[in-house]
Structure formats: C-alpha cells, structure tokens
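Visitor: Please take a close look at a single chain of this model and go through what was computed for it. A connected account would suit me better than a list.

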Amino acid sequence: MTTTVQQTDSAVETNDEVILAVNDLRTYIFTRAATVKAVDGISFSLRKGETLGIVGESGCGKTMTALSLLRLVPRPAGRIVTGEIVLNGEDILQKSEDEMRDVRGRQISMILQDPQTSLNPVFTIGNQLREALGIAHKENKRSMLGRAVDALRSVNVAAPERRLDDYPHQMSGGMKQRVVGAIAMSCEPGVIIADEPTTALDVTIQLQYLRLLKEIQANTGLGIIFITHDFGVVARMCDRVAVMYAGRIIEQGEVRDIFNAPAHPYTQALINSVPKLEQRVGRLYQIDGQPPLLSNLPEGCRFAPRCAYASDQCLESYPQSYHMKDGHYADCWALDPAWQGTPIAEFIAPTGRTG
Amino acid sequence: MQRFIILRLLQGLLAVFVISLIVFALSRVAGDPLAAILDDESGKEQIELLRKQWGLDQPLHIQYLTYMRRLLTGDLGTSFKWDRPVAELIAEKLPATIQLSAFALIITGVIAFPIGVLSAVKKDSWFDTGGKMFAILGQSAPTFAVGLILMWIFAVQLGWLPTSGKGGLRYMLLPGFALGYYNVAAIMRLTRSSMLDVLDTEYVKLARIKGIPEWRIVWKHCFRNALIVPLTYFSLILAVLITGSVVIETIFAWPGIGQLVIQAIVSKDHITVQAIVMLFALLYIGINIVTDIVYAYVDPRIRYS
C-alpha cells in the first residue's frame, strides 16, 4: 500500500465530466451558547451520471451539507463560512439570492427524507407539479398539463392524468415519494441530492424506489448525491462514497475500494456493523461511545476518543489526507509512513463483501 | 360534504335549545320586572292585573313554553319599557350595530393578517418587535379605555374626527378601531405563530428547492396552511364584536343594539333582554357553522374525512 502525503484540496478533480466540485466547504450554526461546526472543511466532486454516497451517523453534518449545496442553510443562525461550490463551472456561493432561484430546481434539486410531510397538504399534486414546471418554462396551461403528466409517468405513477387532481393525503407513502421525486426532477437538473429518500418507506417499496432512481439516471445522466446511513444502500446505489464523521469527510473513494480495503478505522467499524446474511453472529458489531458534539470538537482526530488504535498524536492534531489509489483518500495518522502505533494492516481485518 | 353540513346544523339546533333554557332561567332570577315599572303607590290590584296580563302568574314551565311558542312564530314579545314589540325595536337598532361590527371586522382583517405574516417572515426584526408591542397594548388595554383615549386624541385634541353619534365613515373610524383593536392584536399573534410553524415545514423546504420566489412561498404555500388557527378566532370575533359593541356603543353614543340592551337591563325589561341575548346566541351558532364550512374549503383533509 503506497501512502503519499497530499493536500486535502486534491480530492477535487478537475475533469470535464465534473458537474459539481465542492472545495473546503464550512457551514457553521451560530447559537448564543456555542458555534456548531456542522460542516467543517469538506471537499468532493461529482461527475455526470455518477452516484456519490455520503455516509455517516445521525448528526455528522450530512443534511447540512445537502442544504449548503442548495444554499438553503436555515438562517439567520446558519451560515456558509468559507469554501467553494462549483456547479456547472460557476461558484454558486458568489451568486445573489435571485440568481440562486434559477439554480435551484433547474441545476440542482433535492428529494427530502419524509414523503409524508414534503408535499403541501392543501394543494393538489398537479398544482404543485405545475408550479415547479411553471418556474422554468413559461408556457400555456395546456402544454404544462402535458408536462406534469409526463413528469408523473417518468416516476412510474399509474394513470397520471387522474392523479393530478389528488391531494397528498389521498396517496400512499411510496406514491408520495415518487411525486416528490417527479417534482425534484421536473426541470431536469444535472444534480439531485437524495437525503435518505427511502428511510420512511417500507422495504419492498424502498427497493422499487432505488431502482427507479437508477433507471432515471441511466436515461438522463443525472448526477446523484445519495445521503444515507446505510452501507447496504451504498453498495447497491453508489459508484463512489464519502464517509462523514463530525463534520468532515474522513474517507472517500470508489465503493469497491472502500468495501475491500477501508483505510480509516471508523469506516472499518461502520462496515463491520452492517449485518451480513452469510455470517452467523450472536451480536451485531457496535462502535462504543458517541460522536463528539459539533459544538465542542476535540483538537485532534475527531474519531480518536472512540478509536482503539489512537495514539497521542491522534489526540493532539488532526491528520492529513492520505491518498491510497484512484481517488481513495483517508484522514488517519496510521497511514503516515512515520506512524509508530499498531500497523494499519493489523487493524480490524477488512470485511467487505467477498468478490 | 352534505352530511358534514347537516350534522353541523343539527348540532346548532341543540345548542339553540339549551341556550333558550339558560336565557329564560337567567332573566327570571334577575329580579321582579314589575318592581321596575311600578312605583310604591301602585295598588295591589293593579300589580296583579299586570302580572296576569304578562303571564307572570303562571308557573315557570308554562311561561317557558309560551315564550318558546311565541319565539317560533317570530313573536319576541312586547317590551315593558317602551311598550312596543321587541322585534320592531331590534329591527330598528340592529343595522347600525352590524354596520359598526362589519367595519371593525374589516379593519381587523386588513391590519392583522398582513402584519402577522410579515412579523413571522421578518422574525426578530424591528418590525416584529414593533408589532409585538402594538399587540401587547391591544391585548392589555380594555376596549372602553382604548375608546376613550382615541376619542381624547383624535376628537378632542386634534379635532379630526367627531366624538360621537352616527353618520358617515368619519363617525365609524374611532368606534370601529376601538372595537377591533383587541382582536387585531390577538389575530396578529395567532397568525404570526402559526406562520412560523408553517415556514419550518418540509413542504416549504421543497418549495424553496423548486426555486419558487420567496413572496410566493409565503403567500401561496404558507398563508393558506397558517390560516386555520386565526380563522377560527376571526369568525368568533364577528360575534364578539356584536356583543362587544355594548360598551363601545355606549361610549360613542352609537344608536345600536348595544345601547338598547343596556337600557333594557337597567329597566329590568326581561322580555327585551331575553330576545337580544337569544339573538346574540343565534349569531354565535350561525357564525360557527359558517366557519366550519369555510374550514372544509380551506383544508381538503377536513372536506374528505
């Protein structure tokens, strides 16, 4: 394993295919008591037609990352402090609020977690769909109706013409989530963020929904950022994955590489805690302790207090980003050639799915 | 929807019946009406004669039945004090009261809803703080005090508006605002808090993700959802306004039903009091039914359940 020391910035690739590049993004929430560093210096990129998974425990900054990409961080407490979000070649952090409205929905969009609450209860879904379309295309009512029907058909809603006059409460959860998807994708954005879109659905519907997203992606070249805490879903959906811990991306790379050779002890622990069918275990693996408070972060590596292999160095300063291969990066002192502690090869054996 | 309306109407009827019982009972425990219109020199026979004439010698339940029978045929009885049919008195005074109440209601709606919405959108700004102070003042100052202070400033000191009496729009401004102020404050606060809740929902987030302009999010997506709570209150105040006009009409010498009822109470004219209280009760119930139907229009979830 070659470990070359590199700067965090190099995680951002400069490729023609790259539609979204995030560079050293920091989003803080300023409360009277403390500053919550929800997103604290993350960098990643997304190519056309690619699915990037963002994985992590609750409260590690995943959703705040998503909201930052849309510039919808709850104000006035929340603020993007520094960084760059380059979408289709333009840094959206430089845009005015008016210009952002043209970006939202048309260049980047988002599917929210809970379909039960994502649709406005007092308007028909036809109304809500047409509204999304109407912002982008100024057309007559008739062709808009056609577009709304097409949008519903694209997410496999049966008899879409009849569904337009329904209110959200007349639909099932899975149906609602498909409508939310139709709204999010109606203006054909290049990037869509899916924030745990299947957590509120039951298992069979989940699978259907994931397949649908994949299908749409294959047809349109959509770039998807898939936010989840479920490594199983990552394996099914994503090309690359970024593992977040306490506001930072601690490891990212191709899904295959991360599963076969996770470099960061936290990633290893996460993968170990996924139940496996082929293995009989008495008790699921769990990581002891809890993630640090984002308002009171430790000085050194943020995972160090929970890490079995942590040294004094880990507790003192945050590690650099080390490049393994093909865009596989991890922030861990054990990857440093000068590391004195337990060699990384002797950490928990990689337990990726065989093959 | 039809079933919904019929059910509400039946519930309303039941309420009217119960209220009629209460009103009747209250007016009988309030004292002997004959004592008010007769003086000490009236002879015993004269008293007995009047008692008989007005049916006051009958047992209470017979009196109630007579009262209800007349009520159903539209006969509200004859006033002791004015010696005229009560229905005629009410018909004479009611339009002035409705005029004043409607005006106060319009003032309330026009001021309260926009300020409430803007206070929520611009939460913690100077505008919100100003609105809060305006509301606290309105909620804590009694109607008669507001009326008197307004009269002193705008009529006595500045001389811009007339002090009292009935006339054109100029005459309505002061009593209308005095009557509406308390409710402006209440509706403003209700609208604000309910808007804040709605602004925080996922569907508003989705609307923002769609790239919809903020004004449209506020007035289309939020306002209609936020309307439910203040709407309940708004409809109730229509009734409160009519009953509340009792005080304001007295202060501003507005010749409405409020004045009538005060005079009737003072002279223990229980026939008139009964009729007016019944009228107020009917208004309350009627307005409530209309509100329920408006809800069903605003929120489709109520319509279909």
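**Chain B in detail**

Guide: Chain B has 14 helices and zero strands, where helices (H or I, at least four residues) and strands (E, at least two) are DSSP runs numbered from the N terminus. The model is predicted, with local features needing pLDDT of at least 70 and side-chain atom pairs counting only at pLDDT 80 or more, while totals for chains, interfaces and linings use all residues. Residues are numbered from 1 along each chain as its sequence is written, chains are lettered from A and ligands numbered from 1 in the order in which they are written, and side-chain values use heavy atoms, leaving out hydrogens and water.

Read from the N terminus, the element order of chain B is α-α-α-α-α-α-α-α-α-α-α-α-α-α. The C-alpha trace of chain B spans about 85 × 55 × 30 Å along its principal axes. Chain B has 305 residues, of which 44% count as buried (under 20% relative accessible area, 1.4 Å probe, protein chains only).

Among contacts in chain B with a separation of 6 or more, 74% join residues 24 or more positions apart; a contact means heavy atoms within 4.5 Å.

At the surface, chain B exposes about 15700 Å², and carbon and sulfur atoms supply 67% of that area, computed by the Shrake-Rupley method with a 1.4 Å probe. Chain B also carries 27 positive and 21 negative charges, whose mean positions are 13 Å apart. Lys and Arg count as positive and Asp and Glu as negative, without His and the chain ends; each charge is placed at NZ of Lys, CZ of Arg, CG of Asp or CD of Glu.

How values were computed:
Buried means under 20% relative accessible area, exposed over 50%, partly exposed in between (1.4 Å probe, protein chains only).
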